[in-house]
Amino acid sequence: MTDYFPRNLPLESVPLTKTTVNTSMAETDNLSEKLAITIAEAGSERKAGEILLLKVADVSYLSDYFVMMTGYSRVQVRAIAAAIEEKVETNLQRRPLRTEGKAEGSWVLQDYGDVIVHIMMPKEREFYNLEAFWIHAERISLPNSDQVEDKPR
């Protein structure tokens with residue numbers, strides 16, 4: 001049996017004009033960046049370590065930003081994920097499109113569409129080394145990040 005596609009479609013089924021969205025690209029970028037920064041702040045409030053914000057829009061079609069952070073126990077990884085969901089929903093009225101890995105707690109992935117969040121334990125973060133994979137992405141510096149502070153040794 002072969003696929004059949006009729007060639008005599010009525011003209012009414014083909015749109016004659018294209019509809020456009022009224023938001024500009026700059027405004028969309030600002031909303032994505034605001035979401036990524038809100039996510040990083042929520043992780044920082046739950047003591048996530050090594051928070052990294054990458055602008056991947058120029059090197060990938062997957063999303064505009066990746067936010068990566070480390071949780072030092074399965075309980076902390078889950079708590080960070082819950083804090084991110086709560087803060088983003090409260091401040092920006094958004095929920096993740098998908099969340100994976102919460103049950104295991106060693107690597108939680110939250111997909112907000114334009115921002116993808118990776119919350120990993122140190123072993124997973126070192127093994128998968130996503131920072132090296134996305135080396136061409138622009139790194140966004142975060143205010144009050146733990147990387148800037150002088151820590152006693």
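1. A salt bridge here means a side-chain nitrogen of Lys or Arg within 4 Å of a carboxyl oxygen of Asp or Glu. K102 and E85 fit that rule, with their closest N and O atoms 3.0 Å apart. This is a predicted model, so keep that in mind throughout. The K102–E85 pair links distant parts of the chain: K102 sits in the loop between β3 (98–100) and β4, while E85 belongs to helix α2 (residues 74–92), 17 residues apart. The two ends differ in cover: K102 is partly exposed because its relative accessible area is 31%, whereas E85, at 14%, is buried.

2. On the overall layout, the protein chain has 4 helices and 6 strands. Going along the sequence, their order is α-β-β-α-β-β-β-α-α-β. The chain has 153 residues, and 39% of them are buried. Take the contacts between residues at least 6 apart in sequence: 61% of these join residues at least 24 apart. The exposed area comes to about 10700 Å², with carbon and sulfur atoms supplying 54% of it.

3. I'd look at β2 next. Of its 6 residues, 6 are buried. Both faces are covered: Y65, V67 and M69 are buried on one side, and F66, M68 and T70 are buried on the other. So what are the strand's neighbours?

4. Strand β1 (residues 49–55) pairs with β2 in the antiparallel sense, over 5 bridges. One bridge to pick out has L52 facing its partner M68 in β2. β5 also pairs with β2, but in the parallel sense and over 6 bridges. There, V67 has V117 of β5 as its bridge partner.

5. Now the rings. The structure holds 4 aromatic pairs. One of them is F66 with W134: the ring centres are 5.0 Å apart and the planes lie at 85°, so the pair is edge-to-face. F66 is in strand β2 (residues 65–70) and W134 is in the loop between α4 (130–133) and β6 (138–140), so this pair ties together parts 68 residues apart in sequence. Both F66 and W134 are buried. Ring pairs also bring in F133, giving a cluster of F66, F133 and W134.

6. How are the rings of F127 and Y128 arranged as an aromatic pair? They are edge-to-face, 4.9 Å centre to centre with 90° between the planes. Their cover can be read from the accessibilities: F127 counts as exposed because its relative accessible area is 64%, and the cut-off for exposed is over 50%. Y128, at 43%, counts as partly exposed.

7. D114 deserves a look as well. Its place is in the loop between β4 (107–111) and β5 (115–120). Is D114 buried or exposed? Its relative accessibility is 16%, so it counts as buried, the limit for that class being under 20%. The D114 side chain makes a polar contact with the side chain of R94, at 3.0 Å. Leaving out residues up to four places away in sequence, D114 touches S32, L35, S63, D64, Y65 and R94. Y65 in that list is also one of the buried residues of β2.

8. Back to charges. Side chains of opposite charge can pair when their charged atoms come close. How many salt bridges does the count give? It comes to 7. Among them is R95 with E89, at 2.8 Å from N to O. R95 is exposed, with a relative accessible area of 51%, and E89 is partly exposed at 36%.

9. R98 and D111 form another salt bridge, their closest N and O atoms being 3.3 Å apart. R98 lies in strand β3 and D111 in strand β4, so the pair ties together parts 13 residues apart in sequence. Cover is uneven here too: R98 has a relative accessible area of 51% and is exposed, while D111 is buried at 15%. Elsewhere, salt bridges that share partners join E41, E45 and K87 into one network.

Terms used
Residues numbered from 1 in each chain as written. Predicted model: local features only at pLDDT ≥ 70, side-chain atom pairs only at ≥ 80, totals over all residues. Heavy atoms only, no water. Helix = DSSP H or I, 4+ residues; strand = E, 2+ residues; numbered from the N terminus. Buried < 20%, exposed > 50% of the residue type's maximum accessible area, 1.4 Å probe, protein only. Contact = heavy atoms within 4.5 Å. Areas by Shrake-Rupley, 256 points an atom, 1.4 Å probe, with all protein chains shown as cover. Polar contact = N/O pair within 3.5 Å; in protein donor to acceptor, adjacent residues only side chain to side chain. Phe/Tyr/Trp six-rings, centres within 6.5 Å; stacked < 30°, edge-to-face > 60°. Pairing = 2+ DSSP bridges.
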